[in-house]
Amino acid sequence: MIYPKIPLAQSIIEICSAKGILNIIISPGSRNAPLTIGFAQNPNFNCYSIADERCAAFFALGIAQQTKVPTAIVCTSGSALLNYYPAVAEAFYSQIPLIVISADRPQSKIDIGDGQTIRQQNVFQNHSVFNANLTEEASEENDLKINIAIETAILQKGPVHINAPFEEPLYETVETLSVQPIITHSEGNIGTNKIENIEEFVSIWNTAKRKLVLVGVNESNTIDKEIIENLAKDPSVVVLTETTSNLHHASFINSIDTLITPFEDIDFKEFEPEILVTFGGMVVSKRIKGFLRKYKPLHHWHIDTLRAYDTFNALTKHVVMPPNDFFKDLFSKTVFTESNYFKQINEIYEQRKIKKKKYLDKIPFSDFKVFEKVIESLPKNSQLQISNSSAIRYAQLIDVYSSIEVFCNRGTSGIDGSTSTAIGAATGSSKQTIFITGDISFLYDSNALWNAYIPKNFKIILINNGGGGIFRILPGHEEKPVFNTYFETSHHLTAEHLAKMYQMNYFTAADTDSLEQNIKSLYAANDVPGILEIFTPTAENDVILKQFFKELV
């Protein structure tokens, strides 16, 4: 086998292999040549070459999101490393394991006016779970830092940074290893499956008549069917889920804004919970966050093995255990409480659903109508990736088949790497992946298509409303030049020539008939990846959406 001659590069590669790191995303460069040579010629790794570092990092994020094991990204020195930052921040807040390996010049070359040098050490300190600043020579100390970095990425489900200085010559190779790096074995924190001081939890649960369970971003199949049924049957429990919760039951409320947007003070008081139980990641709905901050529960328990954000300024307990284990232990000692909490809320929600259907049946072609048609067309057992901004908000209003897994970069809620993440997720999953995105998000990350690894059955559904439609939905919108130029970023661009350049199928739709016809064509053509671009009326979309909430009353 061919190895890089530099011992430090050998150590990094051998430790990654020993720790089971399989997927390596490499961006071209010279300073990282020792790592590129070693990773690319080692059969233990799946190596990908992605030129744009920002896209590379989000592509890696998508793979790690699906495989649940760390993906490594490798870059040269200088500003290349900084282009990783948006994905590093997303990985940090979404708890996705990512290993950043940056090549650096020796410390003696930093801040002396040498080319392609920046202060790389600890550059991600505010958004990483470990930073390994290596020295130039291979050593036991370096080995331990590399081991700890990889183990921390696994245990804490977050990004780590390994910064490795290399001196020239960089391209020399050898046929035998000159190092035998130390490999450590972490037992990890197994944790508990029993609630501490459970009597206190049982007492509070059994006496409360209004219990609200709010589920954020959540992996599918993490909650047992018995737990789901228990939550659904308890008359004192209301369960709120979102599209990204991947948790389904006919009794759960899966469109929070449809329920609470028309509420007045008296409705909110009746909805106010005594107990709020939360688990999962970030919540999309601003309205539920505003409600819970104003009408605070007496008890807020957040169930998470790692973190507990006090999102509603009401947190009373952080239970450090998997949610399924928490509910299993709790329900083994609790009883159903007599209450009309679920009955009252469910009656309102059922009425809202009837009104929503009537409204969707009568509205003209628009963003809202498109989301209804697109989501109902999704193949069963597929994976749905959604971009941020208005796309993920519209998706909250439409029911998604329970067999479809839904993902969105809600850690930082940025639009910058949605397409790259979706392509990475498609690469890391055996399921067909459909990506729904808005025009600004798509254009912002158009380099995502500069990628030789896009699966043939990958589909992009691009909703082009001529600008940042989210800003028309938010309060304060006025139809003036300042708004159109600096907020909405109005444009007349399409994806047609991008599709042609990257040899993707391209279809368009501008009304219901062409949408229904070409969405079938999109799914039928699996010879190459495809884009369906749907053009919607810029000035009418926000009016139609706002009227929807008015007609729910």
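**Strand pairing, pocket lining and local geometry in a predicted model**

In strand S16, Ile-434 is the bridge partner of Leu-384. The model described here is predicted, and this bridge belongs to the parallel pairing of S14 with S16, which extends over 4 bridges. S16 also pairs in the parallel sense with S17, in this case over 5 bridges, and Gly-438 stands opposite Ile-463 of S17. The strand is mostly covered, with 6 of its 6 residues buried. Burial applies to both faces: Thr-433, Phe-435 and Thr-437 lie on one side, Ile-434, Ile-436 and Gly-438 lie on the other, and all are buried.

Helix H16, spanning residues 418-428, has 9 of its 11 residues buried and is therefore largely enclosed by the rest of the structure. The buried positions of H16 are Ser-418, Thr-419, Ser-420, Thr-421, Ala-422, Ile-423, Gly-424, Ala-425 and Ala-426. The cover over these residues includes helix H3 (53-67), strand S14 (383-386), strand S16 (433-438), helix H17 (439-444) and strand S17 (459-464). Strands S14, S16 and S17 thus contribute to the cover of H16, while S16 pairs with S14 and with S17.

A further sheet is open and consists of 5 strands in the order S10-S9-S11-S12-S13, with parallel pairing. S10 and strand S13 (317-319) stand at its edges; each has a single partner strand, so one side of each is left without a neighbour in the sheet. From one strand to the next, the twist averages 20 degrees. Within this sheet, strand S9 (residues 211-215) and strand S11 (residues 275-279) pair in the parallel sense over 5 bridges, and Val-213 has Val-277 of S11 as its bridge partner. Helix H12 (residues 323-331) lies across S9, S11, strand S12 (299-303) and S13, and runs at about 145 degrees to S11.

The largest pocket holds about 1,200 Å³ of space. It is lined by 50 residues, of which Ser-94, Gln-95, Val-217, Gly-280 and Gly-281 are the closest to its centre. The elements that give two or more residues to the lining are helix H3 (53-67), helix H5 (85-94), S11, S12, H12 and strand S15 (405-407). S12 gives the most, with 3 residues. S11 and S12 are thus elements of the pocket lining as well as strands of the open sheet, and H12, which lies across both of them, also contributes to the lining.

Ser-245 is placed in the loop between strand S10 (237-240) and helix H9 (256-260). Its relative accessibility is 0%, so Ser-245 counts as buried. The side chain of Ser-245 reaches the backbone oxygen of Gly-216 at 3.2 Å. With neighbours within four places in sequence left aside, Ser-245 is in contact with Val-215, Gly-216 and Asn-218.

A second buried site is found in helix H13 (residues 341-362), which contains Tyr-349. Tyr-349 has a relative accessibility of 2%, under the 20% limit, and therefore counts as buried. Residues up to four places away in sequence not being counted, Tyr-349 touches Phe-252, Ile-253, Asn-254, Ser-255, Thr-258 and Leu-259. For one of these, Asn-254, the separation from Tyr-349 is 95 residues in sequence and 9.8 Å in space, C-alpha to C-alpha.

Backbone geometry is notable at several loop positions. Most residues other than glycine have a negative phi, and most peptide bonds are trans. Glu-168 and Pro-169 are joined by a cis peptide bond, with omega about 0 degrees; Pro-169 lies in the loop between strand S7 (159-165) and strand S8 (173-174). Asn-313, a residue other than glycine, has a positive phi near 55 degrees. Its place is in the loop between S12 and S13, and Asn-313 counts as exposed because its relative accessibility is 51%. Ser-389 likewise is not a glycine and has a positive phi, of about 75 degrees. Ser-389 is located in the loop between S14 and helix H15 (390-395) and, with a relative accessible area of 21%, is partly exposed.

Terms used: Residues numbered from 1 in each chain as written. Predicted model: local features only at pLDDT ≥ 70, side-chain atom pairs only at ≥ 80, totals over all residues. Heavy atoms only, no water. Buried < 20%, exposed > 50% of the residue type's maximum accessible area, 1.4 Å probe, protein only. Polar contact = N/O pair within 3.5 Å; in protein donor to acceptor, adjacent residues only side chain to side chain. Contact = heavy atoms within 4.5 Å. Pairing = 2+ DSSP bridges. Axes fitted to C-alpha atoms, helices over the stretch in contact; angles between N-to-C directions. 1 Å grid on protein atoms, 1.4 Å probe; cavity = no way out; pocket = protein on both sides within 12 Å on 5 of 7 lines; lining within 4 Å. Points joined across faces, edges and corners; volume = space filled by probe spheres on them.
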